[in-house]
Amino acid sequence: LDCHYVPCRAGWVGPTVLLCIYGFCSMMRPIEPFLTEFLTGTYKNLTTEQVTRQVYPVWTYSSLVLLIPVLLVTDFLRYKPVIILQGLTYVTAFLLVLFGSGVHSAQLAFFCYSIATAADVAYFSYIYSIVPPSYYQRVTSYVRGAILLGYAVGALLAQLLLSLGRVSLYCLGFITLISVSVALITSFFLPMPKTSLFLKGTYSAQQENSDEDTHSSESQDFFIWVKSVTAAKHVGTMFRGLILDCKKCYSSVAVLFFCIWAATGRCGFYQVTGYVQLLWVYMQPNNFTAYNGGVDAISTLTGAAASVAVGHMSLEWSVWGELVLGGFTFLIAGAIFLMDLTDNIWINYTCFSLFKTIYLQLATICTFQIAKMLNRRRYALVFGINSFVGTVLQSVLTAIVINTQSLHNPLISFQFLIYASYFAAISLLFTVRGVYTVLHMKCPAGGNHTPKDMRIFIITVIIYYSSNRIKSICRHCTFMYINIFNQSKSGYLSVCRQQDSTN
């Protein structure tokens with residue numbers, strides 16, 4: 001049974017433990033909650049405009065370009081080499097952050113960082129090539145919980161060292177470099193799968209050929225030629241298989257909706273977490289001690305606990321999953337909306353913790369649901385496509401929201417209103433779909449209650465109520481934007497009058 005799996009290191013336990021250690025160390029990066037302060041402070045002397053417009057977008061746009069090539073190479077190389085590459089690029093990125101100087105060095109660091117994040121597909125797909133499908137839900141919660149725990153420990157350590165130990169940000173950078181180096185060393189001990197999930201059988205055939213006639217140089221040359229020809233033939237087969245597998249994967253409506261949430265949720269999460277430090281800098285009063293690390297630690301720990309708890313929940317996810325996604329996404333939208341409205345930094349911290357905790361829990365639900373519904377050899381493909389679609393959406397939002405705004409007015413807050421509206425639209429979609437799914441699965445096919453008419457009536461009521469709420473939000477956004485525009489215009493006119501008077 002399942003001869004495809006590698007019977008090493010106590011079955012599924014050993015590889016899972018090693019992968020969790022790798023995930024913990026690669027994510028324990030104490031410098032990240034204060035990375036904006038590190039780049040814009042006296043350490044690197046970059047301006048806020050340089051960081052926002054020239055440095056941070058490099059990660060978004062590079063990830064968009066790298067995701068598809070990394071996805072194809074990941075399956076062909078059987079995951080482990082790509083995980084090692086991820087560790088190497090993490091080390092390189094933080095070496096550049098620590099010892100580089102100037103905008104170009106920071107851009108190169110974020111390019112290396114984008115390679116590492118693009119290689120996440122190998123981290124999440126590797127374990128499914130090792131363990132049986134019956135353990136998917138459990139190992140997904142362990143693997144995701146390990147990276148969340150690592151990030152939480154790093155953030156908490158950073159906050160304690162800064163608040164109590166009064167250490168410099170350079171010290172946090174060195175701790176980060178040591179942690180990702182340990183992750184790189186751990187990656188070499190991961191067992192190598194015998195075959196890839198997608199190109200099953202290719203490597204086993206090559207392995208059989210490699211055992212025959214390898215003593216002479218002529219046979220070795222012939223083996224290399226045969227290997228290259230075989231690889232060339234399988235390139236065309238792989239692309240044809242990709243197209244067919246995409247059709248099969250997304251032909252299931254349930255898989256399609258979980259994938260939609262995974263892609264759109266990823267986009268919104270990285271947009272909010274990527275620019276929330278700038279919002280906090282904008283909101284912080286004078287002489288305020290930043291607690292970014294503590295907030296990140298608490299929210300990540302609660303998210304990790306929720307992710308592990310979800311792995312042991314017994315719920316009919318095929319029935320209630322979409323409704324759960326819709327309801328909790330509405331809470332995310334409300335939290336981000338309150339972050340935009342409030343001027344209190346502590347309320348903002350609390351809303352961000354709620355946002356991150358809920359997102360991490362919902363992302364775990366989507367991950368194991370997709371894994372359970374698909375053939376295991378297609379999981380890496382679907383995960384990569386979801387990441388690619390999320391990155392495309394993120395690039396569009398970055399181009400529209402970030403690059404067109406002026407950094408000299410409070411539009412950094414206005415962009416979070418856009419993020420809240422974005423999650424509200426996702427919540428509406430999944431609430432309507434979830435209600436339809438529950439009524440369709442739970443109501444009997446026949447009888448006197450006409451369940452189809454009842455479903456149409458309930459969905460119509462939900463759409464009507466939600467559309468009214470969206471109208472009020474859009475009205476509020478319009479008024480806020482007009483006020484901001486008028487303030488900017490009046491400020492510009494006053495500056496022009498002052499220049500005319502001096503002249």
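At what angle do the axes of helix 3 and helix 5 cross? Keep that in mind while you get set up; the answer comes at the second stop.

**Before you start**

You have a predicted model open, in which local features need pLDDT of at least 70, side-chain atom pairs count only at pLDDT 80 or more, and totals for chains, interfaces and linings use all residues. Residue numbers start from 1 along each chain as its sequence is written, and side-chain values use heavy atoms, with hydrogens and water left out.

**Stop 1: the whole protein**

Show everything as a cartoon. You should find 17 helices and zero strands. Here helices (H or I, at least four residues) and strands (E, at least two) are DSSP runs, numbered from the N terminus. The protein has 503 residues, and 52% of them count as buried. Buried means under 20% relative accessible area, exposed means over 50%, and partly exposed is in between, using a 1.4 Å probe and protein chains only.

Contacts here mean heavy atoms within 4.5 Å. Take the contacts with a separation of 6 or more: residues 24 or more positions apart account for 85% of them.

**Stop 2: helix 3 against helix 5**

Select residues 48-77 for helix 3 and residues 103-118 for helix 5. Their axes come within 8 Å and cross at roughly 35°. The axes are lines fitted to C-alpha atoms, for helices over the stretch in contact, and angles run from 0 to 180 degrees between N-to-C directions.

Left-handed or right-handed, which is this crossing of helix 3 and helix 5? The crossing is right-handed. The rule is that a crossing is left-handed if the near helix is turned anticlockwise from the far one by less than a right angle, and right-handed if clockwise.

Now turn on side chains at the contact. On helix 3, the residues to show include Q50, Y56, W59, L66 and V70; on helix 5, they include V103, F110, F111, Y113 and I115. Sorted by type, the residues of this contact are 14 nonpolar, seven polar and no charged. In that sorting, Ala, Val, Leu, Ile, Met, Phe, Trp, Tyr, Cys and Pro count as nonpolar, Asp, Glu, Lys and Arg as charged, and the others, Gly among them, as polar.

**Stop 3: three loops around these helices**

Go to N45, in the loop between helix 2 and helix 3. Its phi is near 60°, a positive value in a residue other than glycine. N45 is exposed, at 57% relative accessible area.

Next, pick Y79 in the loop between helix 3 and helix 4. Its phi is positive too, near 70°, and this residue is not glycine either. Is Y79 buried or exposed? Y79 counts as buried, with 0% relative accessibility.

Then click G102, in the loop between helix 4 and helix 5. G102 is partly exposed, with a relative accessible area of 34%. Add L46 to the selection: the two are 56 residues apart in sequence, yet 7.2 Å apart in space, C-alpha to C-alpha.

**Stop 4: helix 1 and its neighbours**

Select residues 13-27, which make up helix 1. Of its 15 residues, 11 are buried, so helix 1 is largely enclosed by the rest of the structure. Among the buried ones are P15, L18, Y22 and M27. They pack against helix 4, helix 6 (120-126), helix 7 and helix 8.

Stay with G14 and add P191, from the loop between helix 8 and helix 9 (202-210). These two are 177 residues apart along the chain, and their C-alpha atoms are separated by 9.1 Å. P191 is buried, with a relative accessible area of 6%.

**Stop 5: helix 8**

Select residues 169-187 and check the length: the 19 residues of helix 8 should span 27 Å at 1.5 Å a residue, and its end C-alpha atoms are 27 Å apart, which agrees. That expected span is 1.5 Å times one less than the number of residues. Buried positions in helix 8 include L169, L172, G173, V180 and S187. Their cover includes helix 1, helix 2 (35-40), helix 4 (80-99) and helix 7 (136-163).

**Stop 6: cysteines, then N386**

How many disulfides does a search of the whole structure find? It finds zero, with a disulfide taken as a pair of cysteine sulfur atoms within 2.5 Å. Two cysteines to click are C25, buried at 12% relative accessible area, and C112, buried at 9%.

Finish at N386 in helix 15 (residues 379-402). N386 counts as buried, at 8% relative accessibility. Leaving out residues up to four places away in sequence, N386 touches Y250, C259, A262, A263 and I370.
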